[in-house]
Amino acid sequence: MPLLLLDLDNTLLDRAGPFRAWGQRFLDGIGAPPADIEWLLSIDADGLTDRWDVADAIRDRYDLRIPSIDLVEELHDGLVAHTRLDPLIACALRIADEAGWVPVVVTNGVVRQQEAKIRGTGLDRYVADWVISEEAGVSKPNPRIFALAAQRVRMPLRGAWMVGDSPEADIGGATSVGLPSVWLHRGRTWSDDRFRPTRTADGLIAAVA
């Protein structure tokens, strides 16, 4: 029974769509031009920018008096509220489980937000467990977080596969521990010459298949 290590954001759960939905609602609420959503998406950098930095950038651009902590909370709650589990993703995870794979989520991020998405969407019913970097004290691509994921379900890393959309965190991390991987390209072209994914797919369903 091999491990199937899975990234969370933009792998198991769409993050880009919920962030755009929250951003459009928020910008409408403060009277910003509709085109500013593209600025907000660029600042967010697909979730790579620290939440506090995003909040500060919003405050500065629109001269808001809202405390940064309130904007961070607004962003957290908005993303969670807009996040849904695709039924086809749930089906793919069930098929993988029935085929003998043990799905475990390995995600960077804060426990409060990541766990709220896992539990709130019902994803927790389709995975054996999860490891979140804030709680683990180590982030992808550090090899330690993958070892912790295996320990969490009392299984060896040998024979595991890693699936994710981040070249550095997911594929680089898998390479660092000698694991095969599937990169979810999301319309991008692979450009890192230090390592390469074992396979490439356009989404989790194709990766599992």
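In this predicted model, the largest pocket has a volume of about 890 Å³. Its lining is made up of 33 residues, and those that lie nearest the pocket centre are Asp-9, Gly-47, Leu-48, Asn-108 and Gly-109. Four helices each supply at least two residues of this lining: α3 (51–62), α4 (68–82), α6 (111–120) and α9 (167–176). Of the lining of the largest pocket, α4 provides the largest share, with six residues. By residue class, the lining of the largest pocket contains 14 charged, 10 polar and nine nonpolar residues.

The second largest pocket has a volume of about 290 Å³. Fifteen residues line the second largest pocket, and Trp-161, Val-182, Ala-207, Val-208 and Ala-209 are the ones nearest its centre. Two or more residues of this lining come from each of the helices α5 (87–98) and α10 (204–208) and the strands β4 (161–164) and β6 (199–201). The lining of the second largest pocket comprises 13 nonpolar residues, one polar residue and one charged residue.

The ring contacts are considered next. The model contains five aromatic pairs. In one of them, Trp-39 and Tyr-62 have ring centres 5.9 Å apart and planes at 90°; because an angle over 60 degrees counts as edge-to-face, the pair is assigned to that class. This pair links distant parts of the chain, with Trp-39 in helix α2 (residues 36–44) and Tyr-62 in helix α3, 23 residues apart. Trp-39 and Tyr-62 are both buried. The ring of Trp-39 also has a charged neighbour: Arg-61 lies over its face, at 4.4 Å from the ring centre.

Trp-183 and Trp-190 form another pair, with ring centres 4.9 Å apart and planes at 80°, so this pair is edge-to-face as well. With a relative accessibility of 2%, Trp-183 counts as buried. Trp-190, at 12% relative accessibility, likewise counts as buried, because the limit for that class is under 20%. Elsewhere, ring pairs join Phe-19, Trp-22 and Phe-26 into a cluster.

The backbone has several features of note. The peptide bond between Lys-140 and Pro-141 is cis, with omega of about 15°. Pro-141 is placed in the loop between α7 (133–136) and α8 (143–152).

Positive phi values occur at Asp-46 and at Asp-63, each a residue other than glycine. The table sets out these two residues.

| Residue | Phi | Loop | Relative accessibility |
|---|---|---|---|
| Asp-46 | near 60° | between α2 and α3 | 36% |
| Asp-63 | near 50° | between α3 and α4 | 68% |

Asp-46 is found in the loop between α2 and α3, and at 36% relative accessibility Asp-46 counts as partly exposed, because this value falls between the limits of 20% and 50%. Asp-63 lies in the loop between α3 and α4. The relative accessible area of Asp-63 is 68%, and Asp-63 is therefore exposed, the limit for that class being over 50%.

Helix α3 recurs in this account: it contributes at least two residues to the lining of the largest pocket, and it carries Tyr-62, the partner of Trp-39 in a ring pair. The loop that holds Asp-46 and the loop that holds Asp-63 each have α3 at one end.

Methods:
Residues numbered from 1 in each chain as written. Predicted model: local features only at pLDDT ≥ 70, side-chain atom pairs only at ≥ 80, totals over all residues. Heavy atoms only, no water. 1 Å grid on protein atoms, 1.4 Å probe; cavity = no way out; pocket = protein on both sides within 12 Å on 5 of 7 lines; lining within 4 Å. Points joined across faces, edges and corners; volume = space filled by probe spheres on them. Nonpolar A, V, L, I, M, F, W, Y, C, P; charged D, E, K, R; others polar. Phe/Tyr/Trp six-rings, centres within 6.5 Å; stacked < 30°, edge-to-face > 60°. Buried < 20%, exposed > 50% of the residue type's maximum accessible area, 1.4 Å probe, protein only. Lys NZ or Arg CZ within 6 Å of the ring centre and 35° of its normal.
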